[in-house]
Amino acid sequence: MSTAPPVPAPPTALRSARLLARTEDGERLHALVWRAGPGWRMISSAVLGGGIGERDWVLNAQVAHGYRRTDPERHLAELAAGAGLTGAGVGLMTAADVTRHARAEDGGAQAVVTAGISVRGWAAAPAQATAVPAQPGTINIVVAVPAALTDAALVNAATTATEAKVQALLEAGHACTGTPTDAVCVAARLPAPAEPPHAFAGPRSLWGARLARAVDRAVGEALAHA
């Protein structure tokens, strides 16, 4: 009977993410910062540092409800600089209480999630118009796997994390696929010399299955605190 390969210990893990506090427009707000360090490639739908590339850090910043700035990328860059983050990184925003983040791990895959679901619905909902801007919610998912993934597998991993998020929402009794502003970031190690990267990260692949279970649990816990 075949067994799964041993889980390598990540040199810098998501469990090292730390909370930072700031006062902005008279309101006490927080940010979750992961200083990943060199050796990571990430895929993200984030406002700052989105796409695929080598990244050194991830910042998940809480903003006030009713956020109206029209330059979120610049705002996140300012917050990153204020936190002492240098080099290329990923910056996400949420109106959720970042202090209520949830963490989960499965076989070396780690997930950290913040969840606000005040504005939620189905991805393929009928077109709707409103004269009043919606208040922001946002489910932000950050995942790290201590293995190298191809570009295609990184895309696959982001899709798998999103599928796991929807599963967690349904398991929690929320009839929706998420909020209109959800974001995801998946970090994978740079390949070592002569180490072929994993070509798949779907929900039945080695790392896809692990990250899906970690995301499902972390989203479920974050929703319980939302």
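**Two sheets, three helices and some salt bridges**

Okay, let's start with a pair of side chains: Arg-69 and Asp-71 meet in a salt bridge, at 2.8 Å from N to O. Before I go on, please keep in mind that this is a predicted model. Are those two partners buried, partly exposed or exposed? Arg-69 has 35% relative accessibility, so we call it partly exposed. Asp-71 is at 24%, and it counts as partly exposed too.

There are other bridges to look at, and the structure holds 10 salt bridges. Take Asp-97 and Arg-100, whose side chains meet at 3.7 Å, N to O. Asp-97 is partly exposed, with 33% relative accessible area, and Arg-100, at 46%, is also partly exposed. Back to our opening pair for a second: Arg-69 and Asp-71 belong to one network with Arg-74 and Glu-78, joined by salt bridges that share partners.

Now one that spans the sequence. Asp-151 and Arg-41 have side chains that meet in a salt bridge, 2.6 Å from N to O. How many residues apart are they? They are 110 residues apart, so to speak a link between distant parts of the chain, with Asp-151 in helix α2, residues 151-171, and Arg-41 in strand β3, residues 40-44. Arg-41 is buried, because its relative accessible area is 16% and the cut-off for buried is under 20%. Asp-151, on the other hand, sits at 43% and counts as partly exposed.

Right, on to the sheets. One of them is an open sheet of 4 strands, and reading across you get β1-β2-β5-β6, with mixed pairing. Which strands stand at the edges? Those are β1, residues 18-24, and β6, residues 89-94; each has a single partner strand, so one side of each has no neighbour in the sheet. From one strand to the next, the twist averages 20°.

Inside that sheet, β2 (residues 27-35) and β5 (residues 57-62) run antiparallel, joined by 5 bridges. If you want a spot to find on screen, look for Val-33, which stands opposite Leu-59 in β5. Helix α1, residues 72-82, packs on this sheet and touches β1, β5 and β6. The direction of α1 makes about 110° with that of β5.

The other sheet is open as well, with 6 strands in the order β4-β3-β10-β9-β8-β7 and mixed pairing again. Here the edges are β4 (51-54) and β7 (102-106), each with a single partner strand, so one side of each is left without a neighbour in the sheet. Neighbouring strands are turned by 15° against each other on average, ignoring direction. Over at β7, the pairing with β8 (residues 109-116) is antiparallel, over 5 bridges, and Glu-105 stands opposite Gln-110 in β8.

What packs on this sheet? Helix α2 does, touching β3, β4, β9 and β10, and its direction makes about 135° with that of β10. Helix α3 packs here too, touching β7, β8 and β9, at about 155° to the direction of β7.

Last stop: how do α2 and α3 meet? They pack at an angle of about 40°, with their axes 8 Å apart, and that makes α2 oblique to α3. The crossing is right-handed. On the α2 side the contact residues include Ala-157, Ala-161, Ala-164 and Ala-168; on the α3 side, among them are Gly-208, Leu-211, Val-215 and Gly-220.

That's my tour, thanks for listening.

Definitions and conventions: Residues are numbered from 1 along each chain as its sequence is written. This is a predicted model: local features need pLDDT of at least 70, side-chain atom pairs count only at pLDDT 80 or more; totals for chains, interfaces and linings use all residues. Side-chain values use heavy atoms; hydrogens and water are left out. Two strands pair if DSSP finds at least two bridges between them. Helices (H or I, at least four residues) and strands (E, at least two) are DSSP runs, numbered from the N terminus. Axes are lines fitted to C-alpha atoms, for helices over the stretch in contact, and angles run from 0 to 180 degrees between N-to-C directions. Contact means heavy atoms within 4.5 Å. A salt bridge is a side-chain nitrogen of Lys or Arg within 4 Å of a carboxyl oxygen of Asp or Glu. Buried means under 20% relative accessible area, exposed over 50%, partly exposed in between (1.4 Å probe, protein chains only). Angles under 35 degrees count as roughly parallel, over 145 as roughly antiparallel, 65 to 115 as roughly perpendicular and the rest as oblique. A crossing is left-handed if the near helix is turned anticlockwise from the far one by less than a right angle, and right-handed if clockwise.
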